[in-house]
Amino acid sequence: MAEPGPVVAGPLAAGPVAPTIGGTPLRPVRVPIGDRNVRFWLKLEAENAFGSIKARTAEALLAVLERSGTLRPGMRVVESTSGNLGVALAGLCAQRGYACTLVVEPATPRSSLERMIAYGADIVTVGEVLGGRTLGARLRAVHDILESDRDAVWTNQYESPANPDVHEWWTAAELVRDAPGGRYDAVAVAVSTGGTLAGIARYFRRHLPDARIMAVDAVGSAALGGAPTDRPFKLMGYGSGQVSGFVRPEHRDHTVRLRDQAAAAACRLVLRRTGISLGGSSGAAVLAALLLARRDASLREIACVCPDSGDKYAELYASPAVTVPDPDPEVREALTSLSRVYAAEREC
């Protein structure tokens, strides 16, 4: 698949020049650990058009359907989303002249819903299902729409090969191109559908085979196996109610599962110390990378994929639940280390 040219955001893009998809910055921060400093390279995907890494995914999902002739002018795009992919799909569909219906759940951030609606998308909200199974309700609603509308096409972020493919040849290629000294010791990627992790892992195995790959999941998520459970302080876009169809055993060297509150606490610390705003899955990736770096003194340069910023997630900074100490002492110690994080300069 050839890399597309710049994709420009729709009418909600702020500023005199609309942002494009891809080419996002890599920002270094340092954390002192014992007698050494570990440098974490934050791939800030909030700088994409539509505000997240899902702009890449949405572009790829639509492009593969357009090339096959499955998606044609005048048709309707349907997808289940927790927020970011829906915003990107709504914006791209508005540009390309497709109708768009997005199936969400009550926890979807209000600001994301407002952007989807502003781009002209129709919203279907399913009720919360206990036991971490709300995703199943969203997918049933998608199938109901497909059965009732012959012109509706499902982009299917959960199964389309375009999802991992775009992160292999685009996201991962950017990471490796910009690697400090041409290498990383490890890369940390949070999972939901698992497409980002699978694509990045495939590229890293070929081009940086010595780099450790960390898969980061939420406690209560089924994305990397196991049964889903309730997550009272659920961070959207992180974890899943079903097992990823993309992630294979060879795609990860380490698996870290974190409570949502711990990921949110990491976001607070990074913002306070560096001024960088991270979404929950980004905070989880940074905290997981720090946990591994504390265990292994050989790790000094670690890439962290940061899918979006914290701007749309009020619970990251407002909820008192974030201040409750994590029951895992290792996580508590890692958060203490993270309280010393500071912005770093990229050395030439």
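Q: How do you know that strand β7 (residues 186–190) is joined to strand β8 (residues 212–218)?
A: There are 5 bridges between β7 and β8, which run parallel. Two strands pair if DSSP finds at least two bridges between them, so β7 and β8 qualify with 5. One bridge has Ala188 facing Met214 in β8. A word on the model: it is predicted, with local features needing pLDDT of at least 70 and side-chain atom pairs counted only at pLDDT 80 or more, while totals for chains, interfaces and linings use all residues. Residues are numbered from 1 along each chain as its sequence is written, and side-chain values use heavy atoms, leaving out hydrogens and water.

Q: What makes β7 a mostly covered strand?
A: Of the 5 residues in β7, 5 are buried. Buried means under 20% relative accessible area, exposed means over 50%, and partly exposed is in between (1.4 Å probe, protein chains only). Ala186, Ala188 and Ala190 point one way, Val187 and Val189 point the other way, and all are buried. In a regular strand, side chains alternate between the two faces of the sheet.

Q: Why is β2 (residues 36–44) called largely enclosed by the rest of the structure?
A: Because 8 of its 9 residues are buried. Strand β2 also has partners: β1 (residues 26–33) pairs with β2 in the antiparallel sense over 8 bridges, and β10 (residues 301–306) runs parallel to β2, joined by 6 bridges. Arg30 stands opposite Arg39 in β2, and Leu42 has Cys304 in β10 as its bridge partner. In the hairpin of β1 and β2, 2 residues lie between the strands, and Gly34 takes a positive phi near 60°.

Q: How do you know which elements count as strands and which as helices?
A: Both are DSSP runs, numbered from the N terminus: helices are H or I runs of at least four residues, and strands are E runs of at least two.

Q: What makes β5 (122–125) and β6 (152–154) edge strands?
A: Each has a single partner strand, so one side of each is left without a neighbour in the sheet. The open sheet has 4 strands in the order β5-β4-β3-β6, with parallel pairing. From one strand to the next, the twist averages 25°. Strand β6 pairs with β3 (residues 76–80) over 3 bridges in the parallel sense, and Ala152 in β6 is the bridge partner of Arg76.

Q: Why is Ile123 counted as partly exposed?
A: Its relative accessibility is 28%, and that value falls between the cut-offs for buried and exposed, so partly exposed is the right label. Ile123 is found in strand β5. Setting aside residues up to four places away in sequence, Ile123 touches Leu102, Val104, Leu113, Met116 and Ile117; here contact means heavy atoms within 4.5 Å. The C-alpha atoms of Ile123 and Val104 are 7.1 Å apart, although 19 residues separate them along the chain.

Q: Why is Asp296 called buried?
A: Its relative accessible area is 18%, which is under the cut-off for buried, so the label fits. Asp296 sits in the loop between α8 (280–295) and β10. Leaving aside neighbours within four places in sequence, Asp296 is in contact with Arg36 and Arg212.

Q: Why are α7 and α8 called roughly perpendicular?
A: Helix α7 (residues 260–274) packs on α8 at about 90°, with axes 7 Å apart. Angles under 35 degrees count as roughly parallel, over 145 as roughly antiparallel, 65 to 115 as roughly perpendicular and the rest as oblique, so α7 and α8 are roughly perpendicular. Axes are lines fitted to C-alpha atoms, for helices over the stretch in contact, and angles run from 0 to 180 degrees between N-to-C directions. Ala262, Ala263, Ala266 and Cys267 in α7 meet Gly280, Gly283, Ala284 and Leu287 in α8.

Q: What makes α1 and α5 oblique to each other?
A: Helix α1 (residues 54–68) and helix α5 (residues 162–177) pack at about 130°, with axes 9 Å apart. That angle is in none of the three named ranges, so α1 and α5 are oblique. Among the residues that meet are Arg56 and Leu61 in α1, and Trp170 and Glu174 in α5.
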